[in-house]
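The following paragraphs lead through one molecular model, from its secondary structure to its core and its aromatic contacts. Please keep the sequence and the coordinates in view while reading.

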Amino acid sequence: MLRSSIMRAGVFVLLGLALALSGCGFQMRGSNGQYNMPFRSIYLGFSETSQLGIELRRNLRGADAVLVVTDPAKADARLDVLSETRGKTILSLNNQGRVREYLLTYTLVFRVRDAKDAEMLGATEISLKRSIAFNETQVLAKESEEALLYRNMQSDLVQQILRRLAAIKRT
């Protein structure tokens, strides 16, 4: 009897907390995937075949408020890619001197300028790192795992770029 009373009280406390949070306008960051960008159109300085550029375009086009243009002269903002690098370094070796673990890195440096060539966001570096265990008897599986980790880092990078773009102050 006492246990069911405690459980009921716990449910009421959780319901009250949920109502209080919804009533105050609380919203988890990125919960709806929409960002309020400080511009109406943007030119992305990625090559047409860049997987990162394709995913960023797709995410920006998903938000109806932003138009991704192909002509930089028609854009309110221009994202210039200063560098994009992927790396793979040895993290650790086993007692026989063979690779046991790699460190994968994905680094992007970019800046954002407005239509008048004024800097909206200075050179910004985003660097992501993931470690991957290596086993030479499972080379194909580890190559697939490495590709999956790079795709996950790319998606994380896109979300971080979107948050930084949304944080730019309107002028």
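How many residues does α2 have, and how far does α2 reach from its first C-alpha to its last? Helix α2 has 12 residues and reaches 17 Å, close to the 16 Å expected at 1.5 Å a residue; the expected span is 1.5 Å times one less than the number of residues. Helices (H or I, at least four residues) and strands (E, at least two) are DSSP runs, numbered from the N terminus.

The model is predicted: local features need pLDDT of at least 70, side-chain atom pairs count only at pLDDT 80 or more, and totals for chains, interfaces and linings use all residues. Residues are numbered from 1 along each chain as its sequence is written, and side-chain values use heavy atoms, leaving out hydrogens and water.

An open sheet of 5 strands, with mixed pairing, follows the order β2-β1-β3-β4-β5. Its edge strands, β2 (67-69) and β5 (119-133), each pair on one side only; pairing requires at least two DSSP bridges between two strands. Strand β1 (residues 41-44) pairs with β2 in the parallel sense over 3 bridges, and S41 has L67 of β2 as its bridge partner.

Two helices lie across this sheet. Helix α2 (residues 51-62) lies across β1, β2, β3 (77-93) and β4 (99-114), at about 175° to β1. Helix α3 (residues 139-166) lies across β1, β3, β4 and β5, at about 155° to β5. Axes are lines fitted to C-alpha atoms, for helices over the stretch in contact (heavy atoms within 4.5 Å), and angles run from 0 to 180 degrees between N-to-C directions.

In α2, L52, G53, E55, L56, R57 and L60 are buried, that is, under 20% relative accessible area with a 1.4 Å probe, protein chains only (exposed is over 50%, partly exposed in between). The buried residues of α2 pack against β1, β2, β3, β4 and α3.

The largest nonpolar core (buried Ala, Val, Leu, Ile, Met, Phe, Trp, Tyr and Cys residues joined through side-chain atoms within 4.5 Å) has 33 residues, of which I42, L56, L60, L79, I161 and L165 touch the most other members. Helix α3 gives the most to this core, with 8 residues. Leaving aside neighbours within four places in sequence, L165 is in contact with M37, P38, F39, I42, L79 and V112.
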